[in-house]
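This report introduces the structure shown below to a reader who has not met it before. It begins with a single strand and moves outward to the helices, the cores and the protein as a whole.

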Amino acid sequence: MPDRFCFSKRRRALSAGMALLLLLALSFSLVACSQPEPAAAVSILSSNFVGYDFALAITKGCDVQVSLLAGGDIHSFNPTFRDMAALQSADLFLYTGGESDAAIETLLSALPDCPTFRLVDHVPLLQEETVEGMAGGSDAGEGEYDEHVWTSPQNAVKIAAALADAIVAADPDPARQARERENAASLIASLEALDRDFAEFFAGVSDKLLIFGDRFPFRYFAAEYGLSYYAAFPGCSAAVEPGPRTLTFLLDKLKTTGAKAVFHMEGGAHIVADRLAAASGLPSVMLHACHRVTPEEIEAGATYLSLMRENLETLRQYLS
Ligand SMILES: [Zn+2]
């Protein structure tokens, strides 16, 4: 079953074409959607959940409107006409900034005055990698950077600090700027505490191995804490069927390494993880990459911090 939350090169090309069509539609949309929005002093738009979540935290209590575009999934940029009109008048637009954002870059080329913030510009980047046993090797290892930079809490700290500067620069009001600085300091302190808790936990884990029956968007997380991993596919490969060699490899690792679970990421049907779970007798367990966060999760109060803390509890249970 195709996974609409990840992005193949073919779909990237389609999306770039779609962005051009949307550009043509923009002039109409501005007329069609001209009913006034409730006017906040500053308007921030994000196509990335973590950018949205951090901007909300930094502007808490300020007259700043923060909106999430296209469901916040970095690989399925599909703005409505209303989003397009909002982008035209945004004071700051946040996006991930990897190869998957080609459609966004195309769109922004027609909006040269739109101030932007790219998450990938504020952290050291790692290349997407293909580890032993992984399927989809032909789609990976071509020098593409892994885009899921926020999965490392240390990266999250860097992104939050840089985002605070960008928001303060976009907001002309000194009183709000002071509050935004205060909020950012508190967000950064919470992210640093999260990082310390993960580091402390992993320091006590003798076998830091994750086995994913899924794609693996935790490259930066694994690099930060010195974890090794096996997975069915790289970062956000569009492949959905790993083939018998990968399945056999992962099943063998599940049976011979003392693994207590087969992991999968959020979203999608995690069929491969479930199949491996059934064959190994281990549970199929989700680690949330804060990659695709549903409106229901957001409504229920999910934040980067809450989702990552849930991951920490899950890891406490299944890694020792
Ligand atoms: Zn992805």
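In this predicted model, V42 stands opposite V64 in β2. The strand to which this pairing belongs is β1, and β1 and β2 run in the parallel sense, joined over five bridges. Because five of the five residues of β1 are buried, the strand is largely enclosed by the rest of the structure. In a regular strand the side chains alternate between the two faces of the sheet. Both faces of β1 are covered: on one side V42, I44 and S46 are buried, and on the other S43 and L45 are buried as well.

**Two helices**

The strand β1 (42–46) is among the elements against which the buried residues of helix α6 pack; the others are α2 (49–58), β2 (64–68), α5 (153–170), α7 (219–225) and α11 (304–318). The buried residues of α6 are R176, E180, N183, A184, L187, I188, L191, L194, D195, F198, F201 and F202. At the start of this helix, a side-chain oxygen of D173 comes to within 3.3 Å of the backbone nitrogen of A175.

Helix α8 has its own set of buried residues, namely G243, T246, L247, F249, L250, L251, K253 and L254. The elements that cover them include β5 (209–215), β6 (228–233), β7 (262–264) and α9 (271–280). Just after α8, G258 adopts a positive phi of about 80°.

For both helices, the expected span at 1.5 Å a residue can be set beside the distance between the end C-alpha atoms.

| Helix | Residues | Expected span | End C-alpha distance |
|---|---|---|---|
| α6 (174–203) | 30 residues | 44 Å | 43 Å |
| α8 (243–256) | 14 residues | 20 Å | 20 Å |

The expected span and the end distance agree for α6, and they agree for α8.

**Individual residues**

Is N183 buried or exposed? This residue, found in helix α6, has a relative accessibility of 16%, and a residue under 20% is classed as buried, so N183 counts as buried. Leaving aside residues up to four places away in sequence, N183 touches A57, I58, T59 and K60.

R292 lies in the loop between β8 (284–286) and α10 (295–299). Its relative accessibility is 22%, so R292 counts as partly exposed. From C-alpha to C-alpha, R292 and G267 are 6.6 Å apart in space, although 25 residues apart in sequence.

**The nonpolar cores**

The largest nonpolar core has 65 residues, of which F54, F202, L210, Y304 and L315 touch the most other members. Helix α5 gives the most to this core, with nine residues. Domain 1 (9–126 + 151–195) and domain 2 (203–318) both contribute residues, so the core lies between them. Within this core, F202 touches L315. Its contacts also include K208, F221, Y225, L227 and L319, not counting residues up to four places away in sequence. A second, separate core of 17 residues includes Y230, L250, V272 and A277. Of these, L250 is also one of the buried residues of α8.

**The protein as a whole**

How many helices and strands does the protein have? Its secondary structure comes to 11 helices and eight strands. Buried residues make up 52% of the 320 residues. Among contacts with a separation of 6 or more, 68% are between residues 24 or more positions apart.

Terms used
Residues numbered from 1 in each chain as written. Predicted model: local features only at pLDDT ≥ 70, side-chain atom pairs only at ≥ 80, totals over all residues. Heavy atoms only, no water. Helix = DSSP H or I, 4+ residues; strand = E, 2+ residues; numbered from the N terminus. Expected span 1.5 Å × (residues − 1). Buried < 20%, exposed > 50% of the residue type's maximum accessible area, 1.4 Å probe, protein only. Contact = heavy atoms within 4.5 Å. Polar contact = N/O pair within 3.5 Å; in protein donor to acceptor, adjacent residues only side chain to side chain. Core = buried A, V, L, I, M, F, W, Y, C linked by side-chain atoms within 4.5 Å. Domains from an automatic or database assignment. Pairing = 2+ DSSP bridges.
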